[in-house]
Amino acid sequence: MVFGLQLMTTWKGYVETSIHGTSHENEEGQIRPIFIPNSCHVCKAMRHESEPSSEIKLLSCSGCRMIAYCGLAHQKEHWAQHKDFCKVVQQVLRKEGRPSLFSDVSKLNLSSESWKAFRYNLMVRVEKSLTRPMQPYEQEMFLYPRVCDQCRMDDGTKLNECSGCHSFFYCCDQHQSKSHEEWCKDLKLLLDLNIEQSKKGRIDCMLPHKLLENFEEFPPSLKEFLVLRMVGAMGAFAMGRNSLTLLTEFASYPLTVVWGLQEAAKLTDGIPLLSDRKSLVVHIVGAELPFECNNLAKWDVFFLNTLPALKSLYITFTGPELTGVPSGTWDDDLRCPHCERNNKHFICDFQPNTFYHDFVKSKNYIRPDVVVAFNCGLYRQTGFQGSDSWAKTIPCLLKEGVPLILTAYTAAEAPLDLKRLQDVSREPLEILMPPQKNPYRSSRPCRNFVSEEESPIIFKNQYITVVRKKCAK
């Protein structure tokens, strides 16, 4: 059997939960190392900058051939972190009698699914031989290697790269993908963000603190709302593309809820108009610190500052992967100066290490006005710690007359989430918004391994679905 071709039964569940949900930060909230296949891992000098006349000579590690450096100094600097990984890969190469992990893959004529399984199994094999968990950037070496997009050839001397994004590789003109142009700008934006954060650390992204005094319907565009109503054209220009992109990621979470409630109220009776809401209780299910809870002020800014009539916002975050925060409501005053002056109230309630189906039975439960699960993957039956953690939670998501907002990364996942909801709930559902593109998705690109044959890039909250349990007549 060719090494790596046996499809492990759990690979999809593992990758969907581990790779879709990979944060750009480590556990300490710092920007984590990111693997860029055609750059020096330490300083991020790019391969296309390594011209014959340049002093930069980007060379792959001679041991594992998985990572590159601009010179001996940076290779030595990273050796302490790379040594054990490199030695394990070398052991695999000696045993297999191959010069690199991806050599001869071009001769196998793998399907898209088999190519993903091949990389995943390689990753698992190496990780099992390590004496520690594999770092995210090490996983990325397997998931996004520098190989031809079509035939998977990995001979670096014969590979060309796209001059636009420097993230797409091909061995000959015939192997240039016709669909690459669609994603080229997004791949370049992703590269620029990764390089800037790797060199400078966290990119400054100040939340706008403008108070909207009169209600206007939210436009079908997150960037339009941010630029025209919150930061202004000059403010957006001063922020720059990268900071504005990161602002869309912060804003996407609260404004997706606002947009979902606005559109749902137009389509059915019993859901108050945004302009009339004076209080709002929001339940965020499956919350995690790096995503829904990074910079809690975003919930204040994009709810209380954009909805003039809203005086009270109460948000409960629950999830088994929500860790590192004390349970209960925070005593800290999280309000911005606008909310303080206008006597608006913002309360955050954390229910860490808690499944939603357990929370709804607790004394801390308050009936919500809306329930939200971001990028939830309801359809996956290998969720938290490999278990089908959604099976018990799904019936609790639906409360009579209360909207449930779901988001998903891809067009394939969104209808699967809805189908799972319908199959498990056993309740008649009113579909207020069938799965569709979310105009309030994040603009920050993320690499996509799970369905890369559809698109190499995904965005958080890219698709939205809104349903509710039908009201009894």
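How many aromatic pairs does a search of the whole structure find? The search finds 15. The model is predicted. The close-ups below show some of these ring pairs, then other features.

**View 1. Phe 215 and Phe 218 form a tilted aromatic pair.** A pair of aromatic rings is described by the distance of the centres and the angle of the planes. Here the centres are 6.3 Å apart. The planes make an angle of 55°. Buried or exposed, where does Phe 218 fall? Phe 218 is buried, because its relative accessible area is 2%. Phe 215 has 31% relative accessibility, so Phe 215 counts as partly exposed.

**View 2. Phe 317 and Phe 350 form a stacked aromatic pair.** The ring centres lie 5.2 Å apart, with 20° between the planes. The planes count as stacked because their angle is under 30 degrees. The pair links distant parts of the chain. Phe 317 belongs to strand E6, residues 312-319. Phe 350 belongs to strand E8, residues 345-352. The two are 33 residues apart. Both Phe 317 and Phe 350 are buried.

**View 3. Ring pairs join into a cluster.** Which residues take part in the cluster? They are Tyr 253, Trp 299, Phe 303, Phe 317, Trp 330, Phe 350 and Phe 374. Two of these, Phe 317 and Phe 350, are the stacked pair of View 2.

**View 4. Helix H8 is largely enclosed by the rest of the structure.** Helix H8 spans residues 297-304. Why is H8 called largely enclosed? Because 7 of its 8 residues are buried. The buried residues are Lys 298, Trp 299, Asp 300, Val 301, Phe 302, Phe 303 and Leu 304. Among them, Trp 299 and Phe 303 also belong to the ring cluster of View 3. The cover over the buried residues of H8 includes helix H6 (222-239), H7 and helix H9 (337-341). Strand E5 (279-285), E6 and E8 are also part of that cover.

**View 5. Helices H11 and H12 pack against each other.** Two packed helices are described by the angle between their axes and the distance between the axes. H11 covers residues 390-397, and H12 covers residues 413-425. Their axes are 9 Å apart and meet at an angle of about 85°. This angle lies between 65 and 115 degrees, so H11 and H12 are roughly perpendicular to each other. From H11, the contact uses Trp 390, Ala 391, Ile 394 and Pro 395. From H12, it uses Arg 420, Leu 421, Val 424 and Ser 425. By class, the contact has 6 nonpolar, 1 polar and 1 charged residues.

**View 6. Glu 96 and Arg 125 meet in a salt bridge.** Side chains of opposite charge can pair when their charged atoms come close. How many salt bridges does the structure hold? It holds 19. In the bridge shown here, the distance from N to O is 3.1 Å. Glu 96 sits in helix H2 (residues 72-96), and Arg 125 sits in helix H3 (residues 112-129). They are 29 residues apart. Glu 96 is partly exposed, at 30% relative accessible area. Arg 125 is also partly exposed, at 23%.

**View 7. Glu 452 and Arg 119 form a salt bridge.** The N to O distance is 2.2 Å. Glu 452 lies in the loop between strand E12 (446-447) and strand E13 (457-458), while Arg 119 is in helix H3, so the pair ties together parts that are 333 residues apart in sequence. Arg 119 counts as buried, at 2% relative accessibility.

**View 8. Lys 460 and Glu 249 form a salt bridge between buried residues.** The N to O distance is 3.8 Å. Lys 460 lies in the loop between E13 and strand E14 (463-469), and Glu 249 is in helix H7 (residues 241-267), so the pair ties together parts that are 211 residues apart in sequence. Lys 460 has 1% relative accessibility, so Lys 460 counts as buried. Glu 249 counts as buried at 10%.

**View 9. Arg 65 and Asn 109 have positive phi values.** Neither residue is a glycine. Phi is about 60° for Arg 65 and near 55° for Asn 109. Where is Arg 65 found? Arg 65 is in the loop between strand E1 (59-60) and strand E2 (68-69). Arg 65 is partly exposed, at 47% relative accessibility. Asn 109 is in the loop between H2 and H3. Asn 109 counts as exposed, at 72%.

Terms used
Residues numbered from 1 in each chain as written. Predicted model: local features only at pLDDT ≥ 70, side-chain atom pairs only at ≥ 80, totals over all residues. Heavy atoms only, no water. Salt bridge = Lys/Arg side-chain N within 4 Å of Asp/Glu carboxyl O. Helix = DSSP H or I, 4+ residues; strand = E, 2+ residues; numbered from the N terminus. Buried < 20%, exposed > 50% of the residue type's maximum accessible area, 1.4 Å probe, protein only. Axes fitted to C-alpha atoms, helices over the stretch in contact; angles between N-to-C directions. Parallel < 35°, antiparallel > 145°, perpendicular 65-115°, else oblique. Contact = heavy atoms within 4.5 Å. Nonpolar A, V, L, I, M, F, W, Y, C, P; charged D, E, K, R; others polar. Phe/Tyr/Trp six-rings, centres within 6.5 Å; stacked < 30°, edge-to-face > 60°.
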